Amino acid sequence: MSFSDPSFLISSRPTDQERQATKLAEEKRRESAARAYRQASWVISLTMIYLALPLGLSAWHWHVVACAGSLLVVLGAFMALRGAKGHALLSLLFASLILPSWVKMAPWAVRAARGPIEVIIQEWKRVL
């Protein structure tokens, strides 16, 4: 750098407004990724509850899992684009492995949980 070159007088450092705008954009991106993660959590929870309830709609279980999985893939891609790669991978894991296996495991889990629940109900009836 020489003194005959006037570029040393120009600051390449961002201004306060530019830093504030960058900070707000990052906060908005993080907030939208968190909102997508909450939505994905609701989709997962509601799908798992629907599959575990004995409604007699077992013919529709795979359709519901396919729709929920597609929605989770879209939300996961959105989260990955917003920088939440860990949440996106978790969402994709649920879409590809956990929800499909839950279709097979839900009846077994309900039967396994029914025994302890009945014991707890009996104890509460005895106490009250």
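This report describes the helices of a predicted model, along with one buried residue and one surface patch.

## Two helices and their spans

Helix α1 has 37 residues, which at 1.5 Å a residue should span 54 Å, and because its end C-alpha atoms are 54 Å apart, the two values agree.

Helix α3, which covers residues 85–127, gives another picture: a straight helix of 43 residues would span 63 Å at 1.5 Å a residue, yet α3 spans only 50 Å between its end C-alpha atoms. Along α3 there is a bend of about 50° at lysine 104, and proline 107 follows within four residues.

## What the helices bury

In α1, the buried residues are Ser32, Ala33, Ala36, Ala40, Val43, Ile44, Thr47, Tyr50 and Leu51, and what covers them includes α2 and α3. In α3, the buried residues are Ala88, Ser91, Phe94, Ala95, Leu99, Val103 and Ala106, and these pack against α1 (16–52) and α2 (61–81).

## Serine 91 in its surroundings

Serine 91, a residue of helix α3, has a relative accessible area of 3%, and therefore counts as buried, the cut-off being under 20%. When residues up to four places away in sequence are not counted, serine 91 touches Ala40, Leu72, Gly76 and Met79; of these, Ala40 is itself among the buried residues of α1.

## A nonpolar patch on the surface

On the surface, Ile49, Leu53, Leu55, Leu57 and Trp60 make a nonpolar patch of about 500 Å². One of these residues, leucine 55, has its place in the loop between α1 and α2.

Technical notes:
Residues numbered from 1 in each chain as written. Predicted model: local features only at pLDDT ≥ 70, side-chain atom pairs only at ≥ 80, totals over all residues. Heavy atoms only, no water. Helix = DSSP H or I, 4+ residues; strand = E, 2+ residues; numbered from the N terminus. Expected span 1.5 Å × (residues − 1). Bend = angle between axes of the 7 residues up to and from the residue. Buried < 20%, exposed > 50% of the residue type's maximum accessible area, 1.4 Å probe, protein only. Contact = heavy atoms within 4.5 Å. Patch = residues over 30% accessible without salt bridge, like charges linked within 9 Å, V, L, I, M, F, W, Y side chains within 5 Å. Areas by Shrake-Rupley, 256 points an atom, 1.4 Å probe, with all protein chains shown as cover. Salt bridge = Lys/Arg side-chain N within 4 Å of Asp/Glu carboxyl O.
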